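Open the structure in your viewer and keep the selection tool at hand. Each stop below says what to select and what to look for there.

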Amino acid sequence: MATQLPRRLGSALALVTGAGSGIGRAVSVRLAREGAAVAACDLDGAAAQETVRLLGGPGSKERAPGGNHAAFQADVSEARTARRLLEQVQACFSRPPSVVVSCAGITRDEFLLHMSEDDWDKVIAVNLKGIFLVTQAAAQALVSSGCRGSIINISSIVGKVGNMGQTNYSASKAGVIGLTQTAARELARHGIRCNSVLPGFIATPMTQKVPQKVLDKVTRMIPMGHLGDPEDVADVVAFLASEDSGYITGASVEVTGGLFM
Ligand SMILES: NC(=O)c1ccc[n+]([C@@H]2O[C@H](COP(=O)([O-])OP(=O)(O)OC[C@H]3O[C@@H](n4cnc5c(N)ncnc54)[C@H](O)[C@@H]3O)[C@@H](O)[C@H]2O)c1
């Protein structure tokens, strides 16, 4: 008989951004399996709804407070939208999310010598400002209701080591590490833990845009010899979301198969 994982997040409400694809979708599936109710947010509302459909389980409905999960369309890089997202989630579930996982992210790759200001601004707006806006709105909601929480921000290993063609992206991801460490310091007294996860190269629609030649080269550099799966990142997020990591805050956890250790 298959052993069941203990459901570690039974009473949690988890807000996941970028939930319509790749890592965000895998995180949503994993947290739901751990027993959490999931508020799945994405710029692509239809993709967020598809994630909610995949979560399944009794009572799962797209937009019903009585159901387990709900989908939300939002652009996390817009201040008003991010604030409204938190209001909508609280109105839908009658409580703030105790787990917040920011996975929304984009790339606009170009070498430094040719990168446009627009490509710089767009990546910083979504990957860094978006995480600031969601983290701030979620923390405000938690603090004002006196609830404890776990905030998990998806950075990247390239935020630590840089990457050719990604000045904008690696700067945004380095910023996420600093933002998360500072939030961890400020919010610890409120019972809110903040950690970042640094994936290496994970097989998702984002890496499907990378030329095969580059992926082959990267794969040869990974000690474990293959790209990660979104579920590898979701496993770590589930740990950071749960009380199993109750004494961990301000950490940056690498999920890279040993790349750039
Ligand atoms: N795939 C990798 O190798 C890898 C490695 C390191 C870090 N990451 C990070 O992990 C996160 C998820 O990446 P992924 O590989 O799953 O990418 P993905 O492209 O599969 O998914 C990203 C999701 O974010 C959503 N999104 C984009 N802009 C948004 C916005 N303004 N507001 C709300 N949602 C928005 C997209 O619609 C998409 O559903 C990103 O932050 C990415 O930078 C990915």
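The tour runs from the ligand to a helix, then to a few single residues. Keep in mind that this is a predicted model.

**Stop 1: the ligand**

Select the ligand and the 28 residues around it. Which of them come nearest? They are Ser 21, Ile 23, Asp 42, Tyr 169 and Thr 204.

Now show the polar contacts. A side-chain N or O atom of Ser 21 is 2.6 Å from an oxygen atom of the ligand. For Thr 204, the distance from a side-chain N or O atom to a ligand oxygen is 2.5 Å. Asp 75 meets a nitrogen atom of the ligand instead, with a side-chain N or O atom at 2.8 Å. The ligand exposes 830 Å² when taken alone, and the protein buries 91% of that.

Colour the shell by class. It has 15 nonpolar residues, 10 polar ones and three charged ones. Then colour by helix. α1, α6 (167-187) and α7 (205-208) each supply at least two shell residues. The largest share, three residues, comes from α7.

**Stop 2: helix α2**

Select residues 45-55, which form helix α2. Its buried residues are Gly 45, Ala 47, Ala 48, Thr 51, Val 52 and Leu 55. Why do they lie on the same side of α2? Because they cover an arc of only 165° around the axis. An α-helix has 3.6 residues a turn, so residues three or four places apart point the same way.

Turn to the other side of α2: Ala 46 and Arg 53 are exposed there. Go back to the buried residues and show what they pack against. The partners are α1 (22-33), β2 (37-42) and β3 (70-73).

Next, check both ends. At the start of α2, a side-chain oxygen of Asp 44 reaches to within 3.2 Å of the backbone nitrogen of Ala 46. Just after α2 comes Gly 56, with a positive phi of about 55°.

**Stop 3: His 69**

Move along to His 69, in the loop between α2 and β3. Is His 69 buried or exposed? It counts as buried, because its relative accessibility is 3% and the cut-off for buried is under 20%. Look for the backbone nitrogen of Val 38: the side chain of His 69 reaches that atom at 3.0 Å.

**Stop 4: Leu 13**

Select Leu 13 in strand β1 (residues 13-17). Leu 13 is buried, with a relative accessible area of 0%. Draw a C-alpha to C-alpha line from Leu 13 to Val 99; it spans 6.2 Å, while the two residues are 86 apart in sequence. Beyond its neighbours within four places in sequence, Leu 13 touches several other residues, among them Ala 37, Ala 39, Val 89, Phe 93 and Pro 97.

**Stop 5: two positive phi values**

Most residues other than glycine have a negative phi. Two residues to inspect with that in mind are Ser 94 and Phe 260.

Ser 94 has a positive phi near 60°. Find Ser 94 in the loop between α3 (79-93) and β4 (99-102). Ser 94 is exposed, with a relative accessible area of 66%.

Phe 260 has a positive phi of about 55° and is not a glycine either. Look for Phe 260 in the segment after β7 (252-255). Phe 260 is partly exposed, at 31% relative accessible area.

How values were computed:
Residues are numbered from 1 along each chain as its sequence is written. This is a predicted model: local features need pLDDT of at least 70, side-chain atom pairs count only at pLDDT 80 or more; totals for chains, interfaces and linings use all residues. Side-chain values use heavy atoms; hydrogens and water are left out. Buried means under 20% relative accessible area, exposed over 50%, partly exposed in between (1.4 Å probe, protein chains only). Helices (H or I, at least four residues) and strands (E, at least two) are DSSP runs, numbered from the N terminus. The arc is that of the directions from the helix axis to the C-beta atoms. Contact means heavy atoms within 4.5 Å. A polar contact is a pair of N or O atoms within 3.5 Å; within protein, one must be able to donate a hydrogen and the other to accept it, and residues adjacent in sequence count only if both atoms are side-chain atoms. A residue is near a molecule or strand if one of its heavy atoms lies within 4 Å of it. Accessible areas come from the Shrake-Rupley method with a 1.4 Å probe; for residues, only the protein chains shown count as cover. Ala, Val, Leu, Ile, Met, Phe, Trp, Tyr, Cys and Pro count as nonpolar, Asp, Glu, Lys and Arg as charged, and the others, Gly among them, as polar.
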